[in-house]
Amino acid sequence: MSKSSDNRQNVVVVGGGGAGAPTARHLSTTLDPTKYNLIIITARPYFLHLPGSIRATVTPEGDFHEQVTMPYDKLLVNGNGTLITGEVTSMADEGEEGGYVTLANGEQIRYAVLVLVPGSHWEGPLVIPTTKPETSQWFRDWHAKFEKADDILLQ
Ligand SMILES: Cc1cc2nc3c(=O)[nH]c(=O)nc-3n(C[C@H](O)[C@H](O)[C@H](O)COP(=O)(O)OP(=O)(O)OC[C@H]3O[C@@H](n4cnc5c(N)ncnc54)[C@H](O)[C@@H]3O)c2cc1C
């Protein structure tokens, strides 16, 4: 069923955003890899800096839209842990034994400890897609909308 083929316990972090990424990084430095198998599952293949995404959405100036997406290649210290790009669609809690999460592709991953940090749903320009090409196109489309707009309403 899962990525728990050895005797180590799976510590699974769902979400690689502002909370999940530093949590996973910290755990990668503190968990004993002989006892724990750290797994971070996140929907985007890159870290999205949400505060910077406001400017990245409204203007192409300074290529800010490229700078707000960052690779995860330096996230886990000393290679301690595994990063999986995927969307968790459900989870099953089996009590003290932990449980498992299921990804959109059907893969199931067991956990002994689950850290859930999936963030929030946003609206309008901040419904940023998951893949890098879609994200680049998303920012370009919004640049064009702002460029053409006569008025902009801030809510
Ligand atoms: C426009 C804007 C400006 C902001 N400015 C500031 C600021 O100036 N200062 C400040 O402190 N905070 C600011 N914030 C808030 C800050 O960005 C958030 O508090 C922070 O990002 C929350 O972190 P998070 O990890 O909870 O969620 P997120 O950063 O949203 O991360 C959630 C992660 O979970 C992943 N995910 C979601 N669902 C699933 C799933 N089902 N399966 C797998 N992965 C999933 C997402 O892909 C994402 O990577 C701002 C937010 C916005 C939108």
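## A walk through two sheets and a ligand site

Strands E6 and E7 pair in the antiparallel sense, with five bridges between them. That pairing is a good place to start a tour of this structure, which is a predicted model. One of the pairs is easy to pick out on screen: aspartate 93 has glycine 99 in E7 as its bridge partner. The two strands make a hairpin, and five residues lie between them. In the turn, look for glycine 95, where phi is positive at about 75 degrees.

The hairpin belongs to something with one more strand. Three strands, in the order E6-E7-E8, form an open sheet with antiparallel pairing. Strand E6, residues 88-93, and strand E8, residues 108-111, are the edge strands, and each of them pairs on one side only. On average, neighbouring strands here are turned by 20 degrees against each other, direction ignored. On the E8 side, strand E7 (residues 99-103) is joined to E8 by four bridges, and these two strands run antiparallel. If you would like a pair to follow here, tyrosine 100 has arginine 110 in E8 as its bridge partner.

As a reminder while you trace these pairs, strands of a sheet pair through backbone hydrogen bonds, and they do so either parallel or antiparallel. The next sheet shows the parallel case: four strands in the order E5-E2-E1-E9 form an open sheet with parallel pairing. Strand E5 (82-85) and strand E9 (113-116) stand at the edges with a single partner strand each, so one side of each has no neighbour in the sheet. From one strand to the next, the twist averages 20 degrees. Within this sheet, strand E1 (residues 9-14) pairs with E9 in the parallel sense over four bridges, and valine 11 stands opposite valine 113 in E9.

Stepping back, the protein as a whole has four helices and nine strands. Reading from the N terminus, the elements come in the order β-α-β-β-α-α-β-β-β-β-β-β-α. Along the principal axes, the C-alpha atoms fill a box of roughly 60 × 30 × 25 Å.

Now to the ligand. Which pocket does it take up? The space it occupies is the largest pocket. The ligand is surrounded by 21 residues, of which Gly18, Ala19, Ala43, Val88 and Pro118 are the closest. Helix H2 (residues 50-58) gives the largest share of this shell, with three residues.

Several polar atoms of the protein can be matched to atoms of the ligand. A polar backbone atom of glycine 18 is 3.0 Å from an oxygen atom of the ligand. Threonine 42 uses its side chain instead: an N or O atom there is 3.2 Å from an oxygen atom of the ligand. With alanine 43 the ligand atom is a nitrogen, and a backbone N or O atom of the residue lies 3.1 Å from it. As for coverage, the ligand on its own has 1,000 Å² of accessible area, and the protein covers 63% of that.

Key: Residues are numbered from 1 along each chain as its sequence is written. This is a predicted model: local features need pLDDT of at least 70, side-chain atom pairs count only at pLDDT 80 or more; totals for chains, interfaces and linings use all residues. Side-chain values use heavy atoms; hydrogens and water are left out. Two strands pair if DSSP finds at least two bridges between them. Axes are lines fitted to C-alpha atoms, for helices over the stretch in contact, and angles run from 0 to 180 degrees between N-to-C directions. A residue is near a molecule or strand if one of its heavy atoms lies within 4 Å of it. A polar contact is a pair of N or O atoms within 3.5 Å; within protein, one must be able to donate a hydrogen and the other to accept it, and residues adjacent in sequence count only if both atoms are side-chain atoms. Accessible areas come from the Shrake-Rupley method with a 1.4 Å probe; for residues, only the protein chains shown count as cover. On a 1 Å grid over the protein atoms alone, a cavity is a set of points where a 1.4 Å probe fits but cannot get out, and a pocket is an open set with protein on both sides within 12 Å along at least five of seven lines; lining residues have an atom within 4 Å of a point. A molecule sits in a cavity or pocket if more than half of its atoms lie within 2 Å of its grid points.
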